[in-house]
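Colleague: I'd like a close look at one residue and whatever is built around it. Could you start from that single spot and work outwards through the fold?

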Amino acid sequence: MRRFVLLIIGCLAVIIPTMVFAAVPGQLFRAAAALRVIAEVPPKPVAAACVPSEDWVTKNVDLAKVRETWLGWYNVERAKRGLPAYRLEPQLNRTAALWSARSAMKGVMEHKRDGTTAYYDYGAIKGWFKNLGLEFKNVKSITFTENIGRGPYSCKEADCTAKLLKAIRYSFDYYLAEEGKAYRPHFNAIVNPHFTMIGFGLAVRNGQYFITAHFGTEITSNPLRLCGS
């Protein structure tokens, strides 16, 4: 009948069959030493979790150039009014890309979050951002806003960047044309003095572009980093 030895190393109890080490005196002690080493070696740190950027890059388009151009349009208008320039925020690029992609898949460009009926439900959009890890500093009741737009677009050229920029310029000019009107939410986002950052998301489907611009004061939460950043 096989017998076993109970080896106690610190708080670790290991049952080892005696017959395994009978032929090699001292092997049991070497095994015990190895177990002590394993117990003392700290585990390797696990890489921090990350989230994908969610860029929905359409074919033959330089999305980075599109975003920089879009940002430039805003900052030209802000400079004319003595306002500080916006900066591109990768986290807002991600949220904007998510909303544009969702809109393209549904074929509807709207602010309504699931389960809401109001055209622009601030609380629902706030909750949507929070679910993505983003919360914003409240500056005189200003935290974030969302501009959306869509329009016709089609391109089969080797590089469609310029054609797409020409298409989405229509939406920006529409926002700009609200200046002086009683209802001007998109224009207000262009010239709001409390927002400091902007994100831009784009999706193309069925001959249309779907764009989202997200604006924020300052991110006060600690969202997961974007993979690759």
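Modeller: Sure. Let's start with Thr 95, which sits in helix H4. Keep in mind that this is a predicted model. Is Thr 95 buried or exposed? With a relative accessibility of 1%, Thr 95 counts as buried, because the cut-off for that label is under 20%. Leaving aside residues up to four places away in sequence, Thr 95 touches Trp 128, Phe 129, Leu 132, Leu 134 and His 214. Then there's a link across the sequence: the C-alpha atoms of Thr 95 and Gly 201 are 7.5 Å apart, although 106 residues separate the two along the chain. For the chain as a whole, 69% of the contacts between residues at least 6 apart in sequence join residues at least 24 apart.

Stay in the helix for a moment. Arg 94 is also found in H4, which covers residues 90-106. Arg 94 is a charged residue, and its relative accessible area is 9%, so it counts as buried. What does Arg 94 touch, not counting residues up to four places away in sequence? The answer is Val 51, Pro 52, Ser 53, Glu 54, Leu 132 and Leu 226. Leu 132 turns up on this list, and Leu 132 is also on the list for Thr 95.

Now follow the Gly 201 link into the sheet. Strand S6 takes in residues 197-205, and seven of its nine residues are buried, which leaves S6 mostly covered. The sheet itself is open and has four strands, in the order S4-S6-S7-S5, with mixed pairing. At the edges are S4 (87-88) and S5, each of which pairs on one side only.

The two neighbours of S6 pair with it in opposite senses. S4 and S6 run parallel, over two bridges, and Leu 88 stands opposite Ile 198 there. S6 and S7 (residues 208-216) run antiparallel and are joined by nine bridges. Ile 198 faces Phe 215 across that pairing, while Met 197 has Gly 216 as its bridge partner. As background, strands of a sheet pair through backbone hydrogen bonds, either parallel or antiparallel. His 214, which Thr 95 touches, falls within the residues of S7.

S6 and S7 also make a hairpin, with two residues between them. Asn 206 is in that turn, in the loop between the two strands, and its phi is positive, near 50 degrees, though the residue isn't a glycine. For comparison, most residues other than glycine have a negative phi. Asn 206 is exposed, with a relative accessible area of 69%. Lys 140 is another residue with a positive phi, about 55 degrees, despite not being a glycine. Lys 140 belongs to the loop between helix H5 (122-131) and S5, and at 70% relative accessibility Lys 140 counts as exposed.

Two helices lie across this sheet. H3 (residues 63-80) lies across S4, S5, S6 and S7, running at about 130 degrees to S6. H6 lies across S5, S6 and S7, at about 50 degrees to S7.

H6 and S5 also bring us to the largest pocket. That pocket holds about 500 Å³ of space. Which elements give two or more residues to its lining? They are strand S5 (144-152), helix H6 (161-176) and helix H7 (185-191), and S5 gives the most, with seven residues. In total 26 residues line the pocket, and those nearest its centre are His 111, Glu 146, Asn 147, Pro 185 and His 186. By type, the lining splits into 14 nonpolar, ten polar and two charged residues. So edge strand S5 doubles as a lining element of the pocket.

Zooming out, the chain has seven helices and eight strands. Buried residues account for 41% of its 229 residues, and Thr 95 and Arg 94, where we began, are both in that group.

Conventions: Residues numbered from 1 in each chain as written. Predicted model: local features only at pLDDT ≥ 70, side-chain atom pairs only at ≥ 80, totals over all residues. Heavy atoms only, no water. 1 Å grid on protein atoms, 1.4 Å probe; cavity = no way out; pocket = protein on both sides within 12 Å on 5 of 7 lines; lining within 4 Å. Points joined across faces, edges and corners; volume = space filled by probe spheres on them. Pairing = 2+ DSSP bridges. Contact = heavy atoms within 4.5 Å. Axes fitted to C-alpha atoms, helices over the stretch in contact; angles between N-to-C directions. Buried < 20%, exposed > 50% of the residue type's maximum accessible area, 1.4 Å probe, protein only.
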